[in-house]
Amino acid sequence: MITFLITTSFLIHAVSLFALILLFQRQNNMKQTEKKMRQTAAETEEMMSVFLMELKEENEQLIKQLSKKEPKRKEPVPIPNEAPQDDTVVLPPIVPRAAVAKAYASVKKEPKQPVKERSASERMMELKKQGFSEEEIARELKIGVTEVQLGLKFYRLQ
C-alpha cells in the first residue's frame, strides 16, 4: 500500500513539475513578445521623429528660398481706351451687371422637360405585350431570365 501511495505521489509531483515548466515557458514567451512590441514602438517613434525633422528642415529651406527671391512687381493694368503697349495685357471690356443678370435669367427661364424613366418591370411588361419571350426580354434588358420572371409576376400583382 505504501508503494502505491509513493508511486502516486511521484506521478502527481511529475505532473505538477511539468505544468510549472509549461507555465514558466509561456511566461517567458509573453515577456519576449512584450519586449519586441516595446522595441517596435520605439523604432516607429524614432522613425517618425526623423521624418518630422527632415520635413522641418525642408520647410525651412523652402522658406529661405522664398524669402531670397524678390517679389514680382505688379504691372499696371492698361485702360481699355488706351493703345496697348508691348508687354501689357489687354483685359476684356467690363460687362454691366444688369446685362449679365438678364442673360442668366433668360437661361433659367428655358423650361427643361424632365425625362420620365420607366421602371424595369414596366419595360418588361411593355416588351411582353409586344410578344417577346422571357429569354428575349432578358437579352434586351441585359438581365437574368429569373429576374424577368420575378419582375413580370410583381407587376401583375400590382
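The following paragraphs go through a predicted model, from the whole chain to one stretch of its first helix.

The secondary structure is simple to state. The chain has 5 helices and 0 strands, and along the sequence the pattern reads α-α-α-α-α. Helix α1 covers residues 2-68.

Burial and contacts come next. The chain has 158 residues, of which 6% count as buried. The exposed surface amounts to about 15,700 Å², with 61% of that area supplied by carbon and sulfur atoms. For contacts between residues at least 6 apart in sequence, 27% link residues that are at least 24 apart.

One stretch of the chain also carries an annotation. An unreviewed UniProt entry places the feature "transmembrane region" at residues 6-24. In the model, residues 6-24 are 100% helix and 0% strand, and the C-alpha atoms at the two ends of this stretch are 27 Å apart.

A nonpolar surface patch can be read alongside that annotation. The patch is formed by Leu-17, Leu-20, Ile-21 and Leu-23, and together these residues have about 410 Å² of accessible area. Leu-20, one of the patch residues, sits in helix α1. Is Leu-20 buried or exposed? Leu-20 counts as exposed because its relative accessibility is 55%, and the cut-off for exposed is over 50%. The accessible area behind this value is computed with only protein chains as cover.

Note on methods
Residues numbered from 1 in each chain as written. Predicted model: local features only at pLDDT ≥ 70, side-chain atom pairs only at ≥ 80, totals over all residues. Heavy atoms only, no water. Helix = DSSP H or I, 4+ residues; strand = E, 2+ residues; numbered from the N terminus. Buried < 20%, exposed > 50% of the residue type's maximum accessible area, 1.4 Å probe, protein only. Contact = heavy atoms within 4.5 Å. Areas by Shrake-Rupley, 256 points an atom, 1.4 Å probe, with all protein chains shown as cover. Patch = residues over 30% accessible without salt bridge, like charges linked within 9 Å, V, L, I, M, F, W, Y side chains within 5 Å. Salt bridge = Lys/Arg side-chain N within 4 Å of Asp/Glu carboxyl O. UniProt positions renumbered as here; feature names shortened; annotations may be inferred.
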